[in-house]
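Biologist: I am new to this model and would like to know how the terms used for the ligand site are justified. Please show it first.

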Amino acid sequence: MGKGSGYGKVILFGEHFVVHGVPGIVSAIDSTTDAVVKKIGKGISVKDERKTAKGYSEEKRLQQLESIERMLKAMGIDPKTPLSIWIGGTLPGFSGLGASAASSVAIARAIAEELGMTMPDERINQAAYEAEKAYAGNPSGIDNTAATYGGLMWFQKNMSGGPDFVERLHTPQPVEIVIGSTGKVANTKAMVEGVAERKRKNPQKYDPLFKRAGEIAIEGRKTLEAGDLKKVGALMNENHTLLQEIEVSSRELDLLVGIARKQGAFGAKLTGGGGGGCMVALTPGRQLQEKVAKAIEQQGFEVLRTMIGVQKL
Ligand code: MEV
């Protein structure tokens, strides 16, 4: 029996823009997807026991099978190897939290252990990146990198195909956040393709937005490292406006962002692929975190109370 885990994540700055080489900032959260793999049975079977948004597993089932096939190829494993895969863990299957990447990392680690393969993190990350292509089409690599290594990270895709630019970041102290789920399952691949197409068709509108997204990531990094959380929040708000302009927000995401800001969150934005999925609000201190979380729950949405910048992750 082989076991493995992968971290969930929130993107604080730069989703979608990162696909095109703009830097972004991502933080792992203290929830993981876990996998157990046994080399038994016939072909590949998956038992998925994650807590998910309604319809998540059905929407992702075909992509999940394709992702495992891609992963086996990347790991140099015969696709006919019998593998019975169980997936569970504390990370909910909500769109936007890197659940697909976390599951790919968990499965790759569990398969490697079960088959007695020595796989350093770098190779696990690579296999999960290949698997992500099934879910995101043309992924940046930010989700699988966060799922593999954890922590708070600066990420910039290497557009020439070499290793991506990844740096570990540190905040003076961990900061509370609230993640609110719209409950809507989103198709990341369609969202990523939509942005690429609109960008290609309308460079006059899109180029300045992409330029500003890069500046926001740089300012976001400086202010996070300095612990200037008011400024971090203001930049998150501006990042959300950019995401609205590239048409990846939704009515429910804007509603959650509005509730969080009204309750005093320092900033709030959608996180991940958008079109549904989740929003993240910066809520330093347990009291503010609770206030924002409760207000969102009262409107009938699910929340996760967690932190960014936690050293051990
Ligand atoms: C999804 O969590 C983040 C996107 O930018 C896609 C990617 O970077 O692969 C939308």
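Modeller: This is a predicted model. The space that the ligand takes is the largest cavity.

Biologist: What makes that space a cavity?

Modeller: A cavity is a set of points where a 1.4 Å probe fits but cannot get out. The space taken by the ligand is called a cavity because it was found as such a set.

Biologist: Which elements give two or more residues to the shell around the ligand?

Modeller: Strand E1 (2-13) and helix H4 (142-149) do. In total, 13 residues surround the ligand, and Lys 9, His 16, Pro 139, Ser 140 and Asp 143 are the closest.

Biologist: Why is the pair between Ser 140 and the ligand called a polar contact?

Modeller: An N or O atom in the Ser 140 side chain is 2.5 Å from a ligand oxygen atom. The limit for such a pair is 3.5 Å, so this one counts. Asp 143 qualifies too, because its side-chain N or O atom lies 2.8 Å from an oxygen atom of the ligand.

Biologist: How much of the ligand's accessible area does the protein cover?

Modeller: Of the 300 Å² that the ligand has on its own, 97% is covered.

Conventions. Residues are numbered from 1 along each chain as its sequence is written. This is a predicted model: local features need pLDDT of at least 70, side-chain atom pairs count only at pLDDT 80 or more; totals for chains, interfaces and linings use all residues. Side-chain values use heavy atoms; hydrogens and water are left out. A residue is near a molecule or strand if one of its heavy atoms lies within 4 Å of it. A polar contact is a pair of N or O atoms within 3.5 Å; within protein, one must be able to donate a hydrogen and the other to accept it, and residues adjacent in sequence count only if both atoms are side-chain atoms. Accessible areas come from the Shrake-Rupley method with a 1.4 Å probe; for residues, only the protein chains shown count as cover. On a 1 Å grid over the protein atoms alone, a cavity is a set of points where a 1.4 Å probe fits but cannot get out, and a pocket is an open set with protein on both sides within 12 Å along at least five of seven lines; lining residues have an atom within 4 Å of a point. A molecule sits in a cavity or pocket if more than half of its atoms lie within 2 Å of its grid points. Helices (H or I, at least four residues) and strands (E, at least two) are DSSP runs, numbered from the N terminus.
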